[in-house]
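Biologist: Please take me through one part of this model closely, and then work outwards from there. Start with whatever term you need.

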Amino acid sequence: MPSVVQSDILVVGCGPAGLATALGLAQSHLKVTLIDKDRFPRDKVCGGGLSSRSLRVLSDLFQGDHSGLSMLPVHGFEVTTPDHHLYRYRPRVSGGELVMGATINRNQFDEELLRRAEQLTNTEVFFSTKVLGIETEHDQVRVKSDDKEFVGKVVVVADGAHSKLIDTLAGKPFDRKRDAIALRGIFKNIRVVDNSNLVGFYFLKEVFPGYFWIFPLPDGLWNAGIYVPLSMRKHKKHNLNRLFFDLIQENSELSARFQDAVLIGQIESDVLPLAKPHRVFSGNRWLSVGDSASLVDPLAGEGIGNALMSGLLAANHLVNAFEHGNFSAQFNQQFDQRLMAVLKKEFSLRGGLIRFFGNKPRLFSFLFREIARSHSFQSLVAKILYKKTVEGRLQSVKW
Ligand SMILES: Cc1cc2nc3c(=O)[nH]c(=O)nc-3n(C[C@H](O)[C@H](O)[C@H](O)COP(=O)(O)OP(=O)(O)OC[C@H]3O[C@@H](n4cnc5c(N)ncnc54)[C@H](O)[C@@H]3O)c2cc1C
C-alpha cells in the first residue's frame, strides 16, 4: 500500500513556477506539498537571464530581501544584426546605471528559491518523487507516484517543458510544432567587449529569427547559447551543437570573443514551450503554471519571469478559491483570465513580430539602423519602458 500524504494544495515541480506558487502562499496558512522527481541542486539547462519582470516578481516574493541570490545586474545590451552591424545600448538614469535585468547561475537560483520555500512552516517538500498520474475526484485530487499518494483539494502542475500530466488533464496533446529549441554552454575567459555588464544578442543569418547569446554571469563565468524557434523550418534539421561550434570558430565577431574561452561541463539543449493561442491553463481542481502552461515568450525565449509571475498569480487565485470553497473549472477560469490579462497582448505582439521578421533578416537590419539614427524615438521608447527619463541611446559600434 502506498503511504498517503494529505494537504490542501499539491504542487508538482520545484522550478521557478512551482516554487513561486509555494512562496506566494507563505502567509495563507494553507498546507502546501511540493513534489519533484529530482534531488536538489538539480541541473537545469538555461541561459540564466532574468528580465525586469523576473526581478519585479522576485521583489514581491522576497519583499526586497535578495540575500542568498547571487545576481549580476545587466546594464545594457549589444545587438548584432544579420548584416553584421553591432549596436550597443547602455542607458543611464540620474544616479547611475539603469538595471535592465540580471543574470544568474540557474542551479544556484532554483536552490535558493527552494531553500526559502523549505523554511515555510506550511510547506513540505518531497524530492526524488516522480508524479505518474493525477486523478481529480468529486471533492479532492489524488497525485500518484511509485510509492506515495498525495491527496489535496487542488493541484498546481508546474512540471516544466516536458509535462505529460498537463496533456492528460487538459485532454489535448501538447502542440510541439510551435515550440523552440535552445542550447547552452557555461564558459570562462570569454573576451569582454565593454566594462559594463552587457548581454549580447547576435542575430546571425544562420539562426535568424533566433539568436546566439553571450551573457556574463556572476563569478566571472559566461553563459553562451543559441535560441531557435522551431516554426522556422530551415532550422528544424540543424544539428545545433555543430552549428554552435562552427559559429564560434568561423564567425569573425564570435571567434574573437571565444579565442581563449574554456568550456565548463557540457553543451546541453532542451525545448522551450512557446506561448500558444487557445491554451487552457486550468480545469476542475487544477491549474498549470510556467513551462507546463507554455508561457515562454516567443520572441526572446524567456520563461523564468512568466513562470514566477504565473506561480504568484496561482497562489493569489488559490487563496480566493479556498475562501469560496470553490475549485471548479468554471471558478478557475478566473485564473486563466487574470493570466491572459497580463500576457495576451504581449504574446500576440511578440509572436507577430517573430512571424513577420522570420524571413526578412534584411528588413530587420534596416530597421535597427534607422532606429539607431532616431534619438527622439529611442528616448520615447525608453520613457515608456522604464517610466523615467533615461540618458543613452542605441549606438552603432564599429567592429
Ligand atoms: C537552453 C535554454 C536557455 C534558456 N534561457 C533562459 C533565460 O536566459 N531566461 C529565461 O527567462 N528563460 C530561459 N529559458 C527558459 C526557462 O528555463 C524556463 O522557462 C523555466 O525554467 C520554466 O520554469 P518552470 O518552473 O516552469 O519549469 P522547470 O524549471 O523546468 O521546473 C520543472 C520541475 O518539475 C520537475 N518535474 C518534471 N516532471 C516531473 C514529474 N513527473 N514529477 C515530479 N516532478 C517533475 C522537474 O524536475 C523540475 O524541477 C531557457 C530554456 C532553455 C532550454
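Modeller: First, the term "buried": a residue is buried if 20 or more other C-beta atoms, placed from the backbone, lie within 10 Å of its own C-beta; with 12 or fewer it's exposed, and in between it's partly exposed. Keep in mind that this is a predicted model, so local features need pLDDT of at least 70 and side-chain atom pairs count only at pLDDT 80 or more, while totals for chains, interfaces and linings use all residues. Numbering runs from 1 along each chain as its sequence is written.

The part I'd zoom in on is helix H1 (16-24). Helices (H or I, at least four residues) and strands (E, at least two) are DSSP runs, numbered from the N terminus. H1 is mostly covered, with 9 of its 9 residues buried. Going along it, you pass Pro16, Ala17, Gly18, Leu19, Ala20, Thr21, Ala22, Leu23 and Gly24.

Now look at Val11, using contacts (C-beta atoms, placed from the backbone, within 7 Å). Setting aside neighbours within four places in sequence, Val11 touches Gly18, Thr21 and Ala22, which are among the buried residues of H1. Its other contacts are Val32, Thr33, Leu34, Ile35, Val156 and Ala158. Val11 also belongs to the largest nonpolar core, a group of 97 residues in which Val11, Val12 and Val155 have the most contacts. (A nonpolar core is a set of buried Ala, Val, Leu, Ile, Met, Phe, Trp, Tyr and Cys residues joined through C-beta atoms within 7 Å.) Helix H7 gives the most to this core, 10 residues.

H1 and H7 turn up together again around the ligand: along with strands E16 (180-188) and E20 (262-272), they are the elements that give two or more residues to its shell. That shell has 38 residues, and Gly15, Gly47, Gly160, Gly290 and Gly303 come nearest; being near here takes a C-beta atom, placed from the backbone, within 6 Å.

Gly47 leads on to Gly225, whose C-alpha lies 7.2 Å from that of Gly47 although 178 residues separate them along the chain. Gly225 sits in strand E19 (residues 221-229) and is buried because 24 other C-beta atoms lie within 10 Å. Beyond four places in sequence, Gly225 contacts Gly47, Ala182, Leu183, Arg184, Gly185 and Trp213.

Zooming out, the domain assignment gives domain 1 (3-48 + 60-64 + 105-175 + 276-355) and domain 2 (71-104 + 180-272 + 360-397); such bounds come from an automatic or database assignment. Their C-alpha centres lie 30 Å apart, and 14 residues of domain 1 contact 19 of domain 2. On the domain 1 side, helix H3 (residues 106-118) gives the most to that contact, with 3 residues. Both domains supply at least three residues to the ligand shell, and each also gives at least three to the big core.

Last, the strands, where pairing takes at least two DSSP bridges. An open antiparallel sheet of 3 strands runs E4-E10-E5. E4 (49-50) and E5 (71-74) are its edges with a single partner strand each, so one side of each has no neighbour in the sheet. E5 is joined to E10 (residues 101-104) by 4 bridges, with Pro73 opposite Ala102. Elsewhere, E12 and E13 make a hairpin with 4 residues between them, and Glu135 has Arg142 as its bridge partner.

Definitions and conventions
Two residues are in contact if their C-beta atoms, placed from the backbone, lie within 7 Å.
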